[in-house]
There are 2 protein chains.
Amino acid sequence: MPMARPTIADIAERAGVSKGAVSFALNGRPGVSEETRRRILAVADEMNWRPHRAARSLGNSRAGAVGLILSRPARTLGLEPFFGQVVSGLQAGLAEDGTALQLLVVEDPEAEMAAYRTWTAEKRVDGFVLLDPLIEDPRFPALEALEVPVMVLGGPLADTSLSFSWADDSEAMHEAVDYLAALGHRHVVHVAGMPQFLHTKRRMDVLTEAKERHELAEVVSIPTDYSDSEGAVITRRVLSRRDRPTAIVYDSDVMAVAGLGVALEMGVRVPQDLSILSFDDSLLARLTHPALTALTRDTQGWATEAARELLRLIADPTLTVRHQSSTPVLVPRESTAPPAGQ
Amino acid sequence: MPMARPTIADIAERAGVSKGAVSFALNGRPGVSEETRRRILAVADEMNWRPHRAARSLGNSRAGAVGLILSRPARTLGLEPFFGQVVSGLQAGLAEDGTALQLLVVEDPEAEMAAYRTWTAEKRVDGFVLLDPLIEDPRFPALEALEVPVMVLGGPLADTSLSFSWADDSEAMHEAVDYLAALGHRHVVHVAGMPQFLHTKRRMDVLTEAKERHELAEVVSIPTDYSDSEGAVITRRVLSRRDRPTAIVYDSDVMAVAGLGVALEMGVRVPQDLSILSFDDSLLARLTHPALTALTRDTQGWATEAARELLRLIADPTLTVRHQSSTPVLVPRESTAPPAGQ
DNA sequence: AAGCTCAGATAAAGCGGTTAAGTTGGGCCG
DNA sequence: CGGCCCAACTTAACCGCTTTATCTGAGCTT
């Protein structure tokens, strides 16, 4: 029969020291001589000891986990590659420290807020990662009030003490528009994401500004809910106009692929009659024919960096981290070309 | 300043009872009268009390979490919609009970095994969910030895005491092959998944058997690593033969989409010259043109059911659960048709 | 040699719950 | 009316680890 889980008391007995000494030794803090430390570590190793998580948490009031709470319809998780990337990226960063990732998917923002409160009150996690910051995000003040470490993926954020890690979407959007303008496009439609998202707004702002800079004839941003169906509907609508755009920028690859499908269905050739650019890259964008020109970024790496910053923040809650990760890069593929008649 | 987190001691004092009574009341177990219970609950509610997770775990030796450990290259997580579906499905089932899902992504099977051991030793979780059972899966005996509740997603499993929840892949594959045969296909290639996976083997077996049953001229299963690139390479190879197949069944939608791309690139028309069927459905399969005929199933619902079963198992570890979920269903779309010259 | 300091260890008090083992007092029985 | 039982509570131990005193003795000072 397997021996019961050893505790530090067992180690202490076997090593002939006190529980306290064992704790000091195992945590690498002063209070024991080097020699005793080595002896204790040897015994612990020999007995195959592992700290009991709950006991440790109770003792030092660290949960050893951080929370990620998503309020999107659950099925979105499987659809948007973004989530998988973020989750595995976060996980990688946290794992370096032995910290776990607790995931919760809820249906609405109220449930999300409730979960922040509950998990904080239960000391279930040491901090949170927030996705998709909104323009006037009600979660920010609430979380500030909870006085819990938070790392927002997105930004930059003003008017909040919360930490964030951002990528320069504006710059990336500039690059995209400059590229299209250089190709000779003057009628550009932007199929955007949810208008309340901060990054959606920033992208739309760049577009408005770009219109003047490049003396474009038309630049419109149309907000959506990120679904493939809205992407398709809007594409169908703008391609049905007499004065149709020669280029469309999509805020997600799912919408871009849906849009491409509509173009095919309507006999609009890509890229001859229409250029398509996706502000989001993934396998999806590469598997289509033609493959989609996209703004690509290392989402996973970004999330890993953010996770590390969050761990720093948890270690020292007085910090406010403002971290910037690399700017998305334009990867030209087959879906963009100069407009016909150019 | 915010009042410190209330503990049951605070509640006890305020309600004029002992800590024990409070614990009984809050957990709905006998030992207090209905009236006292109500009073205690009222006080707890008023003080906005939440149980401290670690304390509770230490007391009743339940971690209140289950683990999901994946050993796949981290990027796969973002690529395969399957994972997102499973994660959100599990999460939904566990949430009903307030149980959390701990996720870990590791690079290789050794690290996966190490994590099972560590998490069990640390009492970090109460049980595990296993994905992708292998034919002679070394994880099974190891986990049996650890004496920890486990629910395998896949099966059916023999020679193990582990519980599992399965969907009848064989039956589904039958349906797919019958359909193709009925359309008139006699040369069918199966671009399979990893050969060591149990479900890959079962699908391949069905195909072999189907060959005789339907008197097909050719039926080949070609194992792959599930990557889009292998899917493409193999498709290119089989389509280059003089005697090319008239239908290809892919074990994942990612490979199916990649295969469709190759067909387009080679001027092979789908479905006129080639029928494509995907043994896996997701947005991906629906967004392509033509949309892919696929075997579809409610992965998320399956995971939710499995999660519930795992909770039962944790409550009563003597159980061995054998749960069957619904069989995948064939959804004909545009990528399948009778072969040319039929 | 008395007085200090300080490293190296011990003992014991938590941390916030759960739970086994008492302790009451009222109702019911013969 | 004494004896018993049982529901309703209380006490206190315990879960496994951390952490804050507290203790001890060797080495230095003066």
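These notebook entries record what I looked up in a predicted model of protein chains with DNA.

**Entry 1. DNA strand C**

I began with the residues around DNA strand C. There are 29 of them, and A:Ser18, A:Ser33, A:Thr36, B:Ser23 and B:Arg29 come nearest. I then asked which parts of the strand face the protein. Of the strand C atoms within 4 Å of the protein, 63% belong to sugar or phosphate, and the rest belong to bases.

I next listed polar contacts to phosphate oxygens of strand C. A:Ser18 places a polar side-chain atom 2.8 Å from one such oxygen. B:Ile8 uses a polar backbone atom, at 2.9 Å from a phosphate oxygen. For B:Arg56, a polar side-chain atom lies 3.0 Å from a phosphate oxygen of the strand. The elements that give two or more residues to this surface are α2 (19-26) and α4 (53-60) of chain A, together with α2 (19-26) and α4 (53-60) of chain B. I noted that α4(B) gives the most, with five residues. By class, the surface near strand C divides into 11 nonpolar, 13 polar and five charged residues.

**Entry 2. DNA strand D**

I repeated the search for DNA strand D. This strand is surrounded by 28 residues, the closest being A:Ile8, A:Ser23, B:Ser18, B:Ser33 and B:Thr36. Sugar or phosphate accounts for 63% of the strand D atoms within 4 Å of the protein, and bases account for the rest.

Three contacts from chain A to phosphate oxygens of strand D went into my notes. A:Arg29 has a polar side-chain atom 3.0 Å from a phosphate oxygen. A:His52 contributes a polar backbone atom, 3.3 Å from a phosphate oxygen. In A:Arg56, an N or O atom of the side chain is 3.0 Å from a phosphate oxygen. Here the elements that give two or more residues are α2 and α4 of chain A and α2 and α4 of chain B. The largest share, five residues, comes from α4(A). I recorded the classes of this surface as 11 nonpolar, 12 polar and five charged residues.

**Entry 3. Strand β4 of chain B**

I turned to strand β4 (residues 150-153) of chain B and asked which way its side chains point. B:Val150 and B:Val152 point one way, B:Met151 and B:Leu153 the other way, and all are buried.

I then looked up the neighbours of β4(B) in the sheet. Strand β3 (residues 127-131) of chain B runs parallel to β4(B) and is joined to it by four bridges. Across this pairing, B:Phe128 stands opposite B:Val150. Strand β5 (residues 163-166) of chain B also runs parallel to β4(B), with three bridges between them. There the bridge partner of B:Leu153 is B:Ser165. I also traced the connection from β3(B) to β4(B): with helix α8 (residues 139-146) of chain B, the two strands make a right-handed β-α-β unit.

**Entry 4. Salt bridges**

My search of the whole structure returned 40 salt bridges over all chains. I examined several of them individually.

In chain A, A:Glu112 forms a salt bridge with A:Arg139, with the closest N and O atoms 2.9 Å apart. This pair links distant parts of the chain, since A:Glu112 lies in helix α7 (residues 109-121) and A:Arg139 in helix α8 (residues 139-146), 27 residues apart. Both A:Glu112 and A:Arg139 are buried.

In chain B, the closest N and O atoms of B:Glu46 and B:Arg14 are 2.8 Å apart in a salt bridge. B:Glu46 is in helix α3 (residues 34-46) and B:Arg14 in helix α1 (residues 8-15), 32 residues apart. Is B:Glu46 buried or exposed? I classed B:Glu46 as exposed because its relative accessibility is 55%. B:Arg14, at 49% relative accessibility, counts as partly exposed.

I also inspected B:Arg72 and B:Asp132, whose side chains meet in a salt bridge at 2.8 Å, N to O. B:Arg72 lies in the loop between β1 (65-71) and α5 (76-79), and B:Asp132 in the loop between β3 and α8, so the pair ties together parts that are 60 residues apart in sequence. B:Arg72 counts as buried because its relative accessibility is 14%. B:Asp132 counts as buried as well, at 14%.

As a last item, I noted salt bridges that share partners and join A:Asp169, A:Arg203, A:Asp251 and A:Arg297 into one network.

Key:
Residues are numbered from 1 along each chain as its sequence is written. Chains are lettered from A and ligands numbered from 1 in the order in which they are written. This is a predicted model: local features need pLDDT of at least 70, side-chain atom pairs count only at pLDDT 80 or more; totals for chains, interfaces and linings use all residues. Side-chain values use heavy atoms; hydrogens and water are left out. A residue is near a molecule or strand if one of its heavy atoms lies within 4 Å of it. A polar contact is a pair of N or O atoms within 3.5 Å; within protein, one must be able to donate a hydrogen and the other to accept it, and residues adjacent in sequence count only if both atoms are side-chain atoms. Ala, Val, Leu, Ile, Met, Phe, Trp, Tyr, Cys and Pro count as nonpolar, Asp, Glu, Lys and Arg as charged, and the others, Gly among them, as polar. Buried means under 20% relative accessible area, exposed over 50%, partly exposed in between (1.4 Å probe, protein chains only). Two strands pair if DSSP finds at least two bridges between them. A crossover is right-handed if, with the strands pointing away from the viewer, the path from the first strand over the helix to the second runs clockwise. A salt bridge is a side-chain nitrogen of Lys or Arg within 4 Å of a carboxyl oxygen of Asp or Glu.
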